[in-house]
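Please open the structure in your viewer and keep the sequence panel beside it. The tour below goes from one selection to the next and says what is found at each stop.

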Amino acid sequence: SLKGARRSSGANDVPGGEPVSDLLTIRSNAVGYYAASSEPLEEGRQVRPGDTVAVIQALGLATEVETNVSGEVVEVLVKEGDAVEFGQSLATVRPS
């Protein structure tokens with residue numbers, strides 16, 4: 001068998017399961033509205049654990065989103081002002 005030989009683009013989802021992918025996800029840690037941090041979350045940006053990648057604003061409070069993954073941002077899934085939920089995917093990252 002060629003276990004692990006096939007790589008996914010992250011576009012395929014398994015019904016009732018997690019996405020089939022080698023990509024990692026940056027998720028929201030709060031409910032509110034997405035805003036860019038001082039270093040915007042954008043494709044091509046290199047991130048490391050502890051980097052602030054976004055701000056979630058709600059009820060006059062701003063909660064910073066720190067990443068716990070390391071790699072290159074390959075897709076940003078939200079835009080400025082989007083309503084986001086706790087645990088919602090904000091971006092996908094190719095691990096480094």
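Leaving aside its neighbours within four places in sequence, which residues is Thr-92 in contact with? Select Thr-92 and display its surroundings: apart from those close neighbours in sequence, the residues in contact with Thr-92 are Leu-23, Leu-24, Glu-72, Val-73, Val-74, Glu-75 and Leu-77. Thr-92 itself lies in strand β10, which covers residues 89-95, and because its relative accessible area is 14%, below the 20% cut-off, Thr-92 counts as buried. Please keep in mind throughout that this is a predicted model.

**The whole chain**

Zoom out and colour the chain by secondary structure, which comes to zero helices and 10 strands. Of the 96 residues in the chain, 29% are buried, and the accessible surface comes to about 6,400 Å², with 49% of that belonging to carbon and sulfur atoms. If you draw the contacts between residues at least 6 apart in sequence, 51% of them join residues at least 24 apart.

Next, colour by pLDDT, which averages 84 over the chain, with 78% of the residues scoring at least 70. Select residues 1-16, where the pLDDT is below 50, and note that this stretch has 12 contacts in the model beyond near neighbours in sequence; the placing of this part should be read with that confidence in mind.

**The sheet that holds β10**

Return to β10 and add β3, β8 and β5 to the selection: these four strands form an open sheet in the order β3-β10-β8-β5, and the pairing is antiparallel. The edges are taken by β3 (24-27) and β5 (46-47), each of which has a single partner strand, so one side of each is left without a neighbour in the sheet.

Walk across this sheet from β3, which is joined to β10 by four bridges, the two strands running antiparallel; here Ile-26 stands opposite Ala-91 in β10. One step on, β10 and β8 pair in the antiparallel sense over five bridges, and the partner of Glu-72 in β10 is Arg-94. The last step goes from β8 (residues 71-76) to β5 through two bridges, again antiparallel, and Gln-46 is the residue that stands opposite Glu-72 in β8.

**The sheet that holds β6**

Now hide those strands and select β7, β6, β4 and β9, which make up an open sheet of four strands in that order, with antiparallel pairing. At its edges stand β7 (61-66) and β9 (83-84), each with a single partner strand, so that one side of each has no neighbour in the sheet.

Begin with β6 (residues 52-58), which pairs with β7 in the antiparallel sense over six bridges; Val-55 has Glu-64 in β7 as its bridge partner. β6 and β7 form a hairpin with two residues between them, and in the turn you can pick out Leu-59, which has a positive phi of about 50°. On another side of the order, β4 (residues 32-36) runs antiparallel to β9 and is joined to it by two bridges, with Tyr-33 facing Ala-83 in β9 as its bridge partner.

**The nonpolar core**

Which residues of the largest nonpolar core touch the most other members? Select Ile-26, Tyr-34, Leu-41, Val-65 and Leu-90, which hold that place among the 16 residues of the core. The elements that give two or more residues to this core are β6 and β10.

Stay with Tyr-34 and show its contacts: not counting residues up to four places away in sequence, Tyr-34 touches Leu-41, Val-53, Ala-54, Val-55, Ile-56, Val-78, Lys-79, Glu-80, Gly-81, Asp-82 and Val-84.

**The salt bridge**

Two of the residues touched by Tyr-34, Lys-79 and Asp-82, make a fitting last stop. Their side chains meet in a salt bridge, with a distance of 3.4 Å from N to O, and a search of the whole structure finds one salt bridge. Are these residues buried or exposed? Lys-79 is exposed, because its relative accessible area is 58% and thus over 50%, whereas Asp-82, with a relative accessible area of 21%, is partly exposed.

How values were computed. Residues numbered from 1 in each chain as written. Predicted model: local features only at pLDDT ≥ 70, side-chain atom pairs only at ≥ 80, totals over all residues. Heavy atoms only, no water. Pairing = 2+ DSSP bridges. Buried < 20%, exposed > 50% of the residue type's maximum accessible area, 1.4 Å probe, protein only. Contact = heavy atoms within 4.5 Å. Core = buried A, V, L, I, M, F, W, Y, C linked by side-chain atoms within 4.5 Å. Areas by Shrake-Rupley, 256 points an atom, 1.4 Å probe, with all protein chains shown as cover. pLDDT = per-residue confidence, 0-100. Salt bridge = Lys/Arg side-chain N within 4 Å of Asp/Glu carboxyl O.
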